[in-house]
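Subject: Structure for your review

Dear colleague,

Please find below the sequence and structure that I am handing over to you. My account of the findings follows directly after it.

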Amino acid sequence: MIKIAGIAVAALIFSVFLRRSNKTVSLLLVLFACAAVFFESLSYLGGIMDSLGRMSRGMGEAASYLKIMFKVLGVALLAQTVADLCRDSGESALAGQTETAAKILIVVMILPLLSAVTEVITGLVL
């Protein structure tokens with residue numbers, strides 16, 4: 001985490017100084033830093049995937065719901081990053097539309113989960 005924080009703080013400091021003289025270079029620096037932080041955080045993904053694999057082996061059919069939840073998490077994180085980059089570039093309308101599109105995609109992704117929950121609730125009531 002220290003490496004990620006170092007990348008972010010260094011990019012922030014350079015970006016603030018560069019923004020006054022050259023906004024394009026400042027934005028490119030921020031984009032590069034975002035990519036560096038993303039790829040650095042991918043190194044932790046292997047351990048997470050191993051743990052999820054062990055958990056899902058004993059879950060049977062419910063493992064597919066776990067996959068849905070992590071796909072939703074990925075969409076939410078990606079949408080937040082893109083929206084923040086849009087806001088930093090002064091495009092707040094594009095940021096808002098990105099967030100709205102992500103919310104719609106998340107609803108579409110969780111429909112099978114909502115259907116299963118509805119079936120369970122209906123079975124309990126009847």
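I begin with a contact between charged side chains: Asp-84 and Arg-87 meet in a salt bridge, with 3.7 Å from N to O. Please bear in mind throughout that this is a predicted model. Both residues belong to helix H4, where they sit 3 residues apart, about one turn of the helix. Asp-84 counts as partly exposed because its relative accessibility is 34%, a value that falls between the 20% and 50% limits. Arg-87 is likewise partly exposed, with a relative accessible area of 36%.

Arg-87 has a further partner. A salt bridge joins Arg-87 to Glu-99, and here the closest N and O atoms are 2.9 Å apart. This pair links distant parts of the chain, as Arg-87 lies in helix H4 and Glu-99 in helix H5 (residues 92–125), 12 residues apart. Salt bridges with shared partners thus bring Asp-84, Arg-87 and Glu-99 into one network. Glu-99 is partly exposed, its relative accessible area being 21%.

In total, the structure holds 3 salt bridges. Besides the two described above, there is one between the side chains of Glu-40 and Lys-3, at 3.8 Å from N to O. Here too the pair links distant parts of the chain: Glu-40 is in helix H2 and Lys-3 in helix H1, 37 residues apart. The two ends fall into separate accessibility classes. Glu-40 is partly exposed at a relative accessible area of 22%, whereas Lys-3 is exposed at 55%.

The cysteines deserve a separate remark. How many disulfides does the structure hold? The count is 0. Cys-34 is in no disulfide, and the nearest cysteine sulfur, that of Cys-86, is 11 Å away. Because a disulfide requires the sulfur atoms to lie within 2.5 Å, the 11 Å between the sulfur of Cys-86 and that of Cys-34 is too far for a bond. Cys-34 is partly exposed, with a relative accessible area of 29%, while Cys-86 is buried, with a relative accessible area of 11%.

Turning to the aromatic residues, the structure holds 1 aromatic pair. It is formed by Phe-38 and Phe-39 in an edge-to-face arrangement, with 5.3 Å centre to centre and 70 degrees between the planes. Why does Phe-39 count as exposed? Its relative accessibility is 56%, and exposed means over 50%. Phe-38, at 46% relative accessibility, counts as partly exposed.

Phe-38 also leads to the pockets. The largest pocket is lined by 36 residues, and Phe-38, Ser-41, Gly-74, Leu-77 and Leu-78 are those nearest its centre. About 1,200 Å³ of space lies in this pocket. Four helices each supply at least two residues of its lining: H1 (2–21), H2 (23–41), H3 (45–57) and H4 (63–88). Of these, H4 gives the largest share of the lining, 14 residues. By class, the lining of the largest pocket comprises 25 nonpolar, 6 polar and 5 charged residues.

The second largest pocket holds about 190 Å³ of space. Its lining consists of Ser-15, Arg-19, Lys-23, Thr-24, Ser-26, Leu-27, Val-30, Asp-88, Ser-89 and Gly-90. H1 and H2 each supply at least two of these residues, and H2 gives the most, with 5 residues. The lining of the second largest pocket divides into 2 nonpolar, 5 polar and 3 charged residues.

As you go through the structure, three places may serve as starting points. One is the network of Asp-84, Arg-87 and Glu-99, joined by salt bridges that share partners. Another is Phe-38, which forms the aromatic pair with Phe-39 and is among the residues nearest the centre of the largest pocket. The third is the pair of cysteines, Cys-34 and Cys-86, whose sulfur atoms lie 11 Å apart.

With kind regards

Terms used: Residues numbered from 1 in each chain as written. Predicted model: local features only at pLDDT ≥ 70, side-chain atom pairs only at ≥ 80, totals over all residues. Heavy atoms only, no water. 1 Å grid on protein atoms, 1.4 Å probe; cavity = no way out; pocket = protein on both sides within 12 Å on 5 of 7 lines; lining within 4 Å. Points joined across faces, edges and corners; volume = space filled by probe spheres on them. Nonpolar A, V, L, I, M, F, W, Y, C, P; charged D, E, K, R; others polar. Phe/Tyr/Trp six-rings, centres within 6.5 Å; stacked < 30°, edge-to-face > 60°. Buried < 20%, exposed > 50% of the residue type's maximum accessible area, 1.4 Å probe, protein only. Salt bridge = Lys/Arg side-chain N within 4 Å of Asp/Glu carboxyl O.
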